[in-house]
Amino acid sequence: MTDAVFDKIGASLHTRPEHPIAIIKDAIYAYFDAAAASRGAAGPGKTAFTKFDGLHPVVPATANFDEVLVPADHVSRSPNDTYYVDDATVLRCHTSAHQAATLRSGERAFLVTGDVYRRDSIDCSHYPVFHQMEGVRVFDQAEWEAAGLPDGTALAEKELKGLLEGLAAHLFGPAAETRWVDAYFPFTHPSFELEVLFNGEWMEVLGCGVMQPAILGNAGLGGEGAPAVSAWAFGLGLERLAMCLFQIPDIRLFWSADPRFTRQFKAGSMASRFKPYSKYPPCFKDVSFWVPAAGLSENDMCEVVRGIAGDLAEAVTLIDAFTHPKTGKSSACYRIAYRSMERSLEDEEINAIQERVREALAEGKGVELR
Ligand code: DAH
C-alpha cells in the first residue's frame with residue numbers, strides 16, 4: 001500500500017457534516033428514519049435503523065469475504081484488487097464486510113457507512129478510497145404473515161424494492177425514472193440493481209437483494225429449530241450519488257481542502273450545484289515499456305502513478321499494447337494525464353514527476369523502458 005492510500009485512513013469524510021459525502025449520507029439516513037417512523041403498525045422501535053459510522057476499515061479477510069459468502073476464487077480476493085495488510089487482514093473493499101458481525105451483535109435493522117478501498121484504474125470516477133453505505137433489515141415470520149405474504153423472501157423483496165424506489169425519489173426527485181435489473185451478488189438471492197435515468201442515461205445506483213440464509217444462519221438466526229427469519233440487504237456508493245446530484249465532475253475533488261470547493265456545500269442542504277472555479281489545462285505524458293515476465297497489471301501501474309503524483313494524476317489510459325511476434329515480449333504504452341484542480345502546473349514539476357514514475361516502474365516493477 002502506498003502512503004497516498006494509507007494517509008486516507010481516518011479522514012472520515014462521511015462524518016464531516018459540511019462535506020458532500022456526509023450531506024448525501026445524512027439525506028439517506030433521514031429517509032430511512034422517516035420510513036421507519038411511518039410504519040406505525042410494526043412500531044417504530046422495531047424498524048428504526050441503527051447507524052454505524054465509525055467501524056474501522058481494517059478488517060479480517062474472513063469478514064470481508066468468507067462471512068458474506070464470496071467464493072474462494074472470486075476476483076475481488078486477489079491482491080491485484082484488494083489491499084492486504086497481511087494474509088489474514090484487508091482494508092475492506094465494501095461495507096458488506098460488516099454484515100455478519102453486526103448481525104451477531106444482535107442488530108436487526110442497521111445502516112453502516114464507511115470508507116472502502118480498492119486497487120483500481122485512474123480516471124475521473126475511480127479513486128482508491130471511496131464511501132459506501134450498507135443497509136440490512138431482518139424480518140420474523142409474524143411480519144410476513146401479518147403482511148399476508150407466503151414467505152419471508154416475498155416480504156423482504158417487496159419491502160426492499162419499495163423502500164429503495166422511495167429513496168431514489170427522495171434523492172433524485174419524485175419524477176425520477178427508475179428500473180430494476182437482475183444481478184448477481186454472493187451475499188443475496190435473488191439480487192437486483194436499481195438504475196436511475198440520469199441525463200438521458202441509465203445509471204446504476206445500488207446493489208441489493210434478499211440475504212442468503214447462510215449469512216443469517218451463521219449469525220444464529222433462522223436455521224434448524226430456530227424461528228424462521230428473512231432479511232434484505234443493499235449497498236450503495238456515496239461518491240457516485242454526490243457526483244450526480246451536486247454535479248461534481250471529478251472524484252478527486254472530494255479530497256480537496258480548497259475553500260473554493262468546500263465552501264460550496266452546506267450541512268443538510270441537497271440544493272448545492274458545484275460551480276467549477278477554474279479549469280486548468282491537463283498535461284499529457286506517455287510512458288512505453290516492455291512488460292516484465294511477472295506481468296504488470298493496470299492496477300499496479302495506477303498504484304505507482306498515484307503513489308508518486310498523488311491527486312495530480314487525473315487519468316491513466318492504455319493507448320497501445322502489442323506482443324512482439326518473435327520474442328513474445330509484450331509492450332505497453334500508457335498515457336498519463338496530469339492536472340491540478342487548484343492551480344496550473346509547471347512543465348518542470350510534471351517532468352520531474354514523470355521521471356520518478358519511470359524510475360519507479362523500472363526499478364520497483366522491473367519494466368524495461370522503451
Ligand atoms: N458489496 C457490493 C459492492 O460493493 C454492494 C452490495 C450489493 C451490497 C448487494 C449488498 C447487496 O448488501 O445486497 O459492490
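Between which strand and which helix does the loop that holds Thr95 lie?

## Thr95 and its surroundings

In this predicted model, Thr95 sits in the loop that runs between strand 4 (89-91) and helix 5 (99-104). Thr95 has a relative accessible area of 0%, and because buried means under 20% relative accessible area, Thr95 counts as buried.

When neighbours within four places in sequence are left aside, the residues in contact with Thr95 are Val112, Thr113, Gly114 and Val116, together with Gln132, Met133 and Glu134.

## The nonpolar cores

The largest nonpolar core holds 59 residues, and within this core Ile28 and Phe32 touch the most other members. Two or more residues are given to this core by each of these elements: helix 2 (20-38), helix 7 (152-172) and helix 9 (238-245), along with strand 5 (109-117), strand 6 (129-140), strand 8 (188-198), strand 9 (201-211) and strand 10 (229-237). A second core, separate from this one, has 24 residues, among them Leu296, Ile308, Leu345 and Ile350.

Phe32, again leaving aside neighbours within four places in sequence, is in contact with Phe49, Leu111, Leu163, Leu164, Leu167, Trp232 and Phe234. In soluble globular proteins, nonpolar side chains tend to be buried together.

## Helix 9

Helix 9, which is one of the elements that give two or more residues to the largest core, is mostly covered, with 7 of its 8 residues buried. The buried residues of helix 9 are Leu238, Glu239, Leu241, Ala242, Met243, Cys244 and Leu245, and helix 9 is followed by Gln247, whose phi is positive, near 55°.

Note on methods
Residues are numbered from 1 along each chain as its sequence is written. This is a predicted model: local features need pLDDT of at least 70, side-chain atom pairs count only at pLDDT 80 or more; totals for chains, interfaces and linings use all residues. Side-chain values use heavy atoms; hydrogens and water are left out. A nonpolar core is a set of buried Ala, Val, Leu, Ile, Met, Phe, Trp, Tyr and Cys residues joined through side-chain atoms within 4.5 Å. Buried means under 20% relative accessible area, exposed over 50%, partly exposed in between (1.4 Å probe, protein chains only). Helices (H or I, at least four residues) and strands (E, at least two) are DSSP runs, numbered from the N terminus. Contact means heavy atoms within 4.5 Å.
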